[in-house]
Amino acid sequence: MRDSNQPASEVRTIQLPSGREVQIAYVDGVAASIADQPLKAVEIESELDEAVAELLNCGACGCDLVQPVEWDGYGDSHWKIELRCPNCESRCTTIVEDDVAEACDQAHQHGADQLEATMRATAADNDEQQIKSFSEALQQNHLLPEDF
C-alpha cells in the first residue's frame, strides 16, 4: 500500500518517429521536467561535452580535428570507434556509450555544416569576383573574339 504523502510516479517509454525511445517520468500524473532539476541536467551536459572534447582532441599533437574512421556497435549501449588525427596521423580505438557517440556525431555534423557554409560563401565570393572582372573587361573593350 502506498503512503498517501508519497507522490505516485511512473515512467512511460515513447518511441519517436526517428526510432529513438524517450522515457518520460510522471509524478502524480504530471510529466516531470528535466528543468525541475537544472543542476543535474547541467552536470550531465558538462560531462558529455568533456567526453566529446576528449574524443575530438588528439592526445599526441593537440589537434582538435580528430575524425572517426570506423564505427561499430559494441554491445547494447556502446560503440567502438576508431579515431584518426589528420594532423599527425595518429590513430586510436575507444569504446564509448551511446550518448557520447551521438554527441560526437552531432559535433562532426556541426563541423561539416560549418565547412559547407564556408565553401558556399567562398564560391559566392569567387563568382562575384569573376562577374566583376568580366564586366570590367567588357566595359574597357579588353575582350576579343579569340577569347571565346
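## Salt bridges, patches and a buried leucine

E116 comes out as partly exposed, with 38% relative accessibility. Its charged partner is R120, and the two side chains meet in a salt bridge with 2.8 Å from N to O. Both residues belong to helix α2, where they sit 4 residues apart, or about one turn of the helix. R120 is exposed, because its relative accessible area is 57% and the cut-off for that label is over 50%. Keep in mind while looking at these side chains that this is a predicted model.

### The overall layout

Before going on with the charges, here is the fold in outline. The protein has 2 helices and 6 strands. Starting at the N terminus, the order reads β-β-β-α-β-β-β-α. There are 148 residues, and buried ones make up 11% of them. About 11700 Å² of surface is accessible, with carbon and sulfur atoms contributing 51% of that. As for contacts with a separation of 6 or more, 24% of them link residues 24 or more positions apart.

### The salt bridges

How many salt bridges does a search of the whole structure find? The count is 3. As a general point, side chains of opposite charge can pair when their charged atoms come close. Here are the pairs, with the distance between the closest N and O atoms:

| Pair | N to O distance |
|---|---|
| R91 and E82 | 2.8 Å |
| R84 and E89 | 3.0 Å |
| R120 and E116 | 2.8 Å |

Now for how much of each partner shows. R91 is partly exposed at 48% relative accessibility, and its partner E82 is also partly exposed, at 22%. In the R84 pair, is the arginine buried or exposed? R84 is buried, because its relative accessible area is 17% and buried means under 20%. Across the bridge, E89 is partly exposed, with a relative accessible area of 46%.

### Charge without a partner

Not every acidic side chain is in a bridge. Which residues form the negative surface patch? They are E45, E47, D49, E50 and E54. Take E47 as an example: its place is in helix α1, which covers residues 38–56. E47 counts as exposed, since its relative accessibility is 55% and the line is drawn at over 50%.

### L55, in the same helix as E47

L55 also lies in helix α1, but its surroundings are another matter. L55 counts as buried, because its relative accessibility is 9% and the limit is under 20%. What is L55 in contact with, once neighbours within four places in sequence are left aside? Its contacts are V66, L83, T94, V96, V100 and C104. T94 is worth a look on the model: L55 and T94 are 39 residues apart in sequence, and their C-alpha atoms are 8.7 Å apart in space.

### A nonpolar patch

Nonpolar side chains show up on the outside too. F134, L138 and F148 form a nonpolar surface patch, and together they have about 360 Å² of accessible area. F148 lies in the segment after α2, the helix that spans 98–139. F148 is labelled exposed because its relative accessible area is 71%, with the cut-off at over 50%.

Definitions and conventions. Residues numbered from 1 in each chain as written. Predicted model: local features only at pLDDT ≥ 70, side-chain atom pairs only at ≥ 80, totals over all residues. Heavy atoms only, no water. Patch = residues over 30% accessible without salt bridge, like charges linked within 9 Å, V, L, I, M, F, W, Y side chains within 5 Å. Areas by Shrake-Rupley, 256 points an atom, 1.4 Å probe, with all protein chains shown as cover. Salt bridge = Lys/Arg side-chain N within 4 Å of Asp/Glu carboxyl O. Lys, Arg positive; Asp, Glu negative; His and termini not counted. Charge placed at Lys NZ, Arg CZ, Asp CG, Glu CD. Buried < 20%, exposed > 50% of the residue type's maximum accessible area, 1.4 Å probe, protein only. Contact = heavy atoms within 4.5 Å.
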